[in-house]
Amino acid sequence: MMHSDFRTLLYRAEIAYFDSSDLDQFRAVVDSARLRVQTYKHLRDHEVEIFQPIADQLVTAFPTEDSELLESALKHWLSVLRYCAMAMLINDPDFLKYRLLEWLVDVVQAYDLEAIETHLSENLYSSLQQQLTESQWELLCPFLQQAEATLIHQTQTANVTR
Amino acid sequence: MISVEALRNEPLPGNYFAPDVYLQGDYELGLLENRSGDRLIAVPEILLEAIREGLEEEVGPSSGLVMFQCGRWWAKNFYRRFGEDVSNYYGKPLADMAMVELIQCIKHCWKTHGWGVIDLDMSYNQQGFLVVTIRNSPFSATEVQDNLSMNFTEAGILSAFFSQLTGRDLHCAQTSCESMGAEVNHFVLGIAERLQSTEALVKGGLDHDTIMERLCIADQ
């Protein structure tokens, strides 16, 4: 398992020993691992607590919507958070992009649930911001934003083009 | 009331064909494999080109047919493996998958194998045609004659693959070619009798959209 920070450093190691600044960078990567594991465990262990209130809010906000569609949207974002957690753990945005987002974006567009998915992602965002510590949130936030940019904003642009 | 506890126990898969996990192998043994253990090899473009040219030299005008049949034979087997692998990963038979998910699998399968970017155009479905576009195709086209440049191998592959997928006997004809300056390769899939005029239309220098108009009118 290799994430981008290690990869970059290892390419440099082909030429020479790490200099002091490379070693400091390596140490910083290793040091952040503890917090990443802690954050990952929190997300894993609290999956239902994070999503059940969001599911309940969704049913309230869209009372006439087919529950299967609401479930589809929820499953999309259950996936998103799982893959964001993994990408955060190894600090690799490409993991999130290639393993999930590139595949999921067309699926989300085809289901055409923009209002539901937007509502869901906004609630997820604010829920996690409250539940996680500031340093945990700082680690996870860029990956959530990456997911939002792909699944929500790209979908909005695609719909406008249509 | 939606139960998240129930939802989270359903499979929530991602992209089966994500390159970092799909492409595997045992470097020590010189083996490149996909995640199901099927062997893959990296074939240089120039070797594909050499095979095509060698075939043309040996069998002349029949080379197109030979390459078409090669494409068909290979794709029939490939489709079977594709079907098994995708069904196993996504936990349901292909027939039960949502169309958009299945199309995503096909697109990402093509991309990860380095066969270019494939897209499906459903706008002629009502008239009984499926249009496939491929950008950055790895297969080189045969310069037949008179404006006609065809990628026979690829046409054969698409014919067999989509025949299996749809359960219908679909022929495939190419209506635009990257090697002739088009932006993408266009392929049209349909029943063989309805595609008979395609070659003549391409030779006549017509573009893909015009050819599709003529094919749709011809049936009325």
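Which residue in strand 5 of chain B is the bridge partner of B:Asp121? In this predicted model, the partner is B:Val131. The two strands involved, strand 4 (residues 117-121) and strand 5 of chain B, run antiparallel and are joined by five bridges. Strand 5 of chain B also pairs with strand 9 (residues 185-190) of chain B, again in the antiparallel sense and over five bridges. Here B:Val131 stands opposite B:Val188 of strand 9.

A look along strand 5 (residues 130-135) of chain B adds the side chains to this picture. In a regular strand, side chains alternate between the two faces of the sheet. In strand 5 of chain B, B:Leu130, B:Val132 and B:Ile134 point to one face and are buried, whereas B:Val131, B:Thr133 and B:Arg135 point to the other face and are not buried.

Turning to chain A, the axes of helix 4 and helix 6 (residues 114-131) of chain A come within 10 Å and cross at roughly 45°; these two helices are therefore oblique to each other. The crossing is right-handed. From helix 4 of chain A, A:Leu69, A:Leu70, A:Ala73, A:Leu74, A:His76 and A:Trp77 meet A:Ile116, A:Glu117, A:Leu120, A:Ser121 and A:Leu124 of helix 6 of chain A. By class, this contact has eight nonpolar, two polar and one charged residues.

Helix 4 of chain A also takes part in the meeting of the two chains, a contact with 23 residues from chain A and 17 residues from chain B. On the side of chain A that touches chain B, helix 3 (47-61), helix 4 (67-90) and helix 5 (93-111) of chain A each give two or more residues. Helix 4 of chain A gives the most, with nine residues. That side of chain A divides into 13 nonpolar, three polar and seven charged residues.

Methods:
Residues are numbered from 1 along each chain as its sequence is written. Chains are lettered from A and ligands numbered from 1 in the order in which they are written. This is a predicted model: local features need pLDDT of at least 70, side-chain atom pairs count only at pLDDT 80 or more; totals for chains, interfaces and linings use all residues. Two residues are in contact if their C-beta atoms, placed from the backbone, lie within 7 Å. Helices (H or I, at least four residues) and strands (E, at least two) are DSSP runs, numbered from the N terminus. Ala, Val, Leu, Ile, Met, Phe, Trp, Tyr, Cys and Pro count as nonpolar, Asp, Glu, Lys and Arg as charged, and the others, Gly among them, as polar. A residue is buried if 20 or more other C-beta atoms lie within 10 Å of its own, exposed if 12 or fewer, and partly exposed in between; C-beta atoms are placed from the backbone. Two strands pair if DSSP finds at least two bridges between them. Axes are lines fitted to C-alpha atoms, for helices over the stretch in contact, and angles run from 0 to 180 degrees between N-to-C directions. Angles under 35 degrees count as roughly parallel, over 145 as roughly antiparallel, 65 to 115 as roughly perpendicular and the rest as oblique. A crossing is left-handed if the near helix is turned anticlockwise from the far one by less than a right angle, and right-handed if clockwise.
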